[in-house]
Amino acid sequence: MESTKKQVSLELLPWLVVHTDGTVERLAGTEVCPPGLDPITGVFSKDIIIEPKTGLSARIYRPFSIQPGQKIPLMLYFHGGAFLISSTSFPSYHTSLNKIVNQANVIAVSVNYRLAPEHPLPTAYEDSWTALKNIQAINEPWINDYADLDSLFLVGDSAGANISHHLAFQAKQSDQTVKIKGIGMIHPYFWGTQPIGAEIKDEARKQMVDGWWEFVCPSEKGSDDPWINPFADGSPDLGGLGCERVMITVAEKDILNERGKMYYERLVKSEWKGKVEIMETKEKDHVFHIFEPDCDEAMEMVRCLALFINQVEA
């Protein structure tokens, strides 16, 4: 009987195990919360299909207080999880989206892109692009009736912020009529082979992030692949970023902190003509707002994101 057991080829604990036969056993991050009315925020949500061929879906949200004929900003949200963990129905993300929608008064479409390793990169980027370019054509009443398509924002945390960055270039270079007003990048997942800042001393976490990226995107370029390093050879010039405004948030204890700050500094120095702002949360780590949604710092970050979307100075 012992010989029939599957052999493990890779462990990414506590999240998943990959067996030598290629099967993936997901151990955590698979919890599901149903859509519906959230009694705390008064936000409605439901699940929709964006692309029947692939099964690409999304969870869409709208505020309870919206009035007939009222048009409010449309936010496409891309969750984090290193491209291989979580979903739009994960309880922590559902809670976070309810809070953002309530605070910012937006229609939100949280995109359930397919995950690696079952669907290797660039599938997540392709799914996210499909959602963006089809957002006006899916004939969804909440979008048709309430969304201001001239006020379209891309927002994401970690890997989702990375996705938003790439979509802004793809939208500008395509012949689609999609116009992105702004991008909200929460603790963006950017990386590079050469360590910077705290990465130099924190070798353990540097190696951990290197390993996670190599798992989802094996290539000879490693952490200098343009998908993960926006300043590597082959990456588009930030001056061509296809939006008017950008907000970047970083967390002081996050190993990705320096990369977010570098992105801000490079964008400021580029030929991009838009407006960028950055916010740092002290004493907090990566995507703390997902795991501590009711802490003061999380509520302040959501408040600032809402002001950014609604073009109000903090």
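This report describes a central sheet, the helices that pack on it, and a set of salt bridges. The model is predicted.

**The sheet**

Eight strands make up an open sheet. Their order is β4-β5-β7-β6-β8-β9-β10-β11, and the pairing is mixed. The edges belong to β4 and β11. Each of these has a single partner strand, so one side of each is left without a neighbour in the sheet. From one strand to the next, the twist averages 20°.

One pairing can be followed in detail. Strand β8 (residues 147–157) pairs with β9 in the parallel sense, over five bridges. L154 stands opposite I183 in β9.

**Helices on the sheet**

Helix α2 covers residues 123–134. It lies across β4, β5, β6 (72–78), β7 (107–112) and β8. Its direction is at about 105° to β4.

Helix α8 (residues 296–309) also packs on the sheet. Its contacts are with β6, β8, β9, β10 and β11. The direction of α8 makes about 170° with that of β10. Many residues of α8 can be named as buried: A298, M301, V302, C304, L305, A306, L307, F308 and I309. After the helix comes Q311, whose phi is positive, near 55°.

Helix α6 spans residues 257–269. Its buried residues are N257, R259, G260, M262, Y263 and L267. They pack against one helix, α4 (159–173), and against the strands β9 (182–186), β10 (245–251) and β11 (275–281).

Do the lengths of α6 and α8 fit or miss the expected span? At 1.5 Å a residue, the 13 residues of α6 should span 18 Å; the end C-alpha atoms are 19 Å apart, which agrees. The 14 residues of α8 should span 20 Å, and the end C-alpha atoms are 20 Å apart, which agrees too.

**Salt bridges**

How many salt bridges does the structure hold? There are 16. Three of them are listed here.

| Pair | Closest N to O distance |
|---|---|
| R59 and D47 | 2.7 Å |
| D210 and K206 | 3.0 Å |
| K284 and E292 | 2.9 Å |

The R59 and D47 pair links distant parts of the chain. R59 sits in strand β5 (residues 56–63), and D47 in strand β4 (residues 43–51), 12 residues apart. Is R59 buried or exposed? R59 has a relative accessible area of 1%, so it is buried, the cut-off being under 20%. D47 has 45% relative accessibility, which makes it partly exposed.

The D210 and K206 pair stays inside one helix. Both residues lie in α5 (residues 203–216), four residues apart, about one turn of the helix. An α-helix has 3.6 residues a turn, so residues three or four places apart point the same way. Both D210 and K206 are buried.

In the K284 and E292 pair, the partners fall into separate classes of burial. K284 counts as buried because its relative accessibility is 13%. E292, at 34%, counts as partly exposed.

Some charged residues join into a group. K179, K181 and E244 are linked in a network of salt bridges.

Conventions. Residues numbered from 1 in each chain as written. Predicted model: local features only at pLDDT ≥ 70, side-chain atom pairs only at ≥ 80, totals over all residues. Heavy atoms only, no water. Helix = DSSP H or I, 4+ residues; strand = E, 2+ residues; numbered from the N terminus. Expected span 1.5 Å × (residues − 1). Buried < 20%, exposed > 50% of the residue type's maximum accessible area, 1.4 Å probe, protein only. Contact = heavy atoms within 4.5 Å. Salt bridge = Lys/Arg side-chain N within 4 Å of Asp/Glu carboxyl O. Pairing = 2+ DSSP bridges. Axes fitted to C-alpha atoms, helices over the stretch in contact; angles between N-to-C directions.
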